[in-house]
Amino acid sequence: MIFNNLLIEQKGRIQYIILNRESKLNALNNQTINELYHAFEMAFANPSIDGIIMTGAGTKAFAAGADIAEFNGIETDKATEIAKLGHKVFEMIENGTKPVIAAINGFALGGGLELALACHIRIAAETAKMGLPEVSLGLIPGYGGTQRLTKLVGKGKAMEMILTADMITATDALQVGLVNKIVAQEDLLKYAEDLLNKILIRSPMAIGYAIAAINAAEKQTNGFEEEITLFTKCFNTNDTKEGIAAFLGKRKPDFKGN
Ligand code: COA
C-alpha cells in the first residue's frame, strides 16, 4: 500500500502514523481518511507492532479538521457517505486491541480533534489548540465528536465547546480531562513513546481486554457484564497464568500475548 498523505514509521514495537499534508494543516480529506483506515488495519494486524502513536507532521497542526474544500456543494447522500466512512475508521481505532496515543502537536480542530478523541490517550504540546468549530461553518461534528467529547469532558463542557465553536488551550484541555498531559513541543514524541513503552511491558492480551472493557463502559450494552465476561476470559489465557505465577514467584513475567 502506498500512502500519499501519511508517513508510516516503525520504531521498535511502536508504529508512528503521521498525517502529512502540512500545507493544508493536515486537514483530513477523503483520501487521508481512507489511508488512515488501511494504516491502522495494517498496524493492528502486524505482529511486530504493539502500540501506535498518531500525530501530525510539523509543529503547527495535528489536523485542522475535515477538508472543508471537499464539503463544497455536496449533496446529502455524499454527506452521509463522508460521515459513515469517518465513523468506520474512528471506531476501528477506538476498538483496536493495541493502545493508540494521540500526540497533539498543534491545532486539533473538527475532524482532527475527533480523530484524537478516538485514540485511547491524548498528550498535547503546550502550544496545541483544540476545538470543534463546525457550527461556525453551519455544520455539526460528523465524525463522532458530539458523542466522544461529551463522554470525555461531560455534557456541560461539550455544550460550551461545540456551541461556541471556541478553541481551547492545552491548559484548559488538561483541566477538563480532554488531554492526559501537556509537555513542551520538543518533548512530545519522547513523552508519548515513554508512556507507550510503559504500557507495552504489560501483557498485550490484558491490554487488549482492558481497552475493550473500558470501551464497554460507554456503550448502551451492560458494561459491567462485559467486564465480567472479559475478566473470566483472562483465566483461559497463558498471560494471566504467567502474570500470577511471576508475581507469586517474585520474578518478572514473560508475556507471550496469548
Ligand atoms: N480544510 C481545508 N483546508 C484547510 C483546513 C481545513 N479544515 N484548515 C486549514 N486549511 C488550509 C487553508 O485553507 C490554507 O490553505 P491555502 O494556503 O491553500 O490557502 C492552509 O491550510 C493554511 O491555513 P490558514 O487558514 O492559512 O492558517 P492560519 O494559521 O491563518 O489559520 C486555522 C489556522 C486553523 C485557525 C484555520 O486554518 C482554520 O480555521 N481552519 C479551519 C478549522 C475548521 O473549521 N475545522 C473544522 C472543519 S469541519
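The following paragraphs lead through a predicted model of a protein, starting with its domains and then turning to single helices, residues and a surface patch.

The domain assignment of the protein gives two parts, with domain 1 covering residues 6-200 and domain 2 covering residues 204-248. Taken over C-alpha atoms, the centres of domain 1 and domain 2 are separated by 26 Å. The two domains also touch each other, for nine residues of domain 1 are in contact with six residues of domain 2.

Within the range of domain 1, a good place to begin is helix α1, which runs over residues 30-45 and has 16 residues. From its first C-alpha to its last, helix α1 reaches 23 Å, which is close to the 22 Å expected at 1.5 Å a residue. The buried residues of this helix are T32, I33, E35, L36, Y37, A39, F40, A43 and F44. What covers these buried residues of α1 includes the strands β1 (6-11), β2 (14-19), β3 (51-56) and β5 (100-104), together with the helices α2 and α3 (111-118).

Helix α2 spans residues 76-94, and L85 lies in it. L85 counts as buried because its relative accessibility is 18%, and the cut-off for buried is under 20%. Leaving out residues up to four places away in sequence, L85 touches N30, I33 and N34. L85 and N34 are 51 residues apart in sequence, yet their C-alpha atoms are 8.0 Å apart in space, so that the pair shows how a residue can be distant along the chain while the fold places it within contact.

Another residue to look at is R21, which lies in the loop between β2 and α1. With a relative accessibility of 16%, R21 counts as buried. When its neighbours within four places in sequence are left aside, R21 is in contact with N5, N26, A27, N29, T32 and D67; of these contacts, T32 is also one of the buried residues of α1.

The last stop is in the range of domain 2, where F231, F235, I244, F247 and L248 make a nonpolar surface patch of about 610 Å². Helix α10, which covers residues 238-248, gives the most to this patch, with three residues. F231, another member of the patch, lies in helix α9 (residues 223-234). F231 counts as exposed because its relative accessible area is 55%, and the cut-off for exposed is over 50%.

Note on methods:
Residues are numbered from 1 along each chain as its sequence is written. This is a predicted model: local features need pLDDT of at least 70, side-chain atom pairs count only at pLDDT 80 or more; totals for chains, interfaces and linings use all residues. Side-chain values use heavy atoms; hydrogens and water are left out. Helices (H or I, at least four residues) and strands (E, at least two) are DSSP runs, numbered from the N terminus. Buried means under 20% relative accessible area, exposed over 50%, partly exposed in between (1.4 Å probe, protein chains only). Contact means heavy atoms within 4.5 Å. Patches are made of residues with over 30% relative accessible area and no salt bridge: like charges are joined within 9 Å, nonpolar side chains (Val, Leu, Ile, Met, Phe, Trp, Tyr) within 5 Å. Accessible areas come from the Shrake-Rupley method with a 1.4 Å probe; for residues, only the protein chains shown count as cover. A salt bridge is a side-chain nitrogen of Lys or Arg within 4 Å of a carboxyl oxygen of Asp or Glu. The expected span of a helix is 1.5 Å times one less than its number of residues. Domain bounds come from an automatic or database domain assignment.
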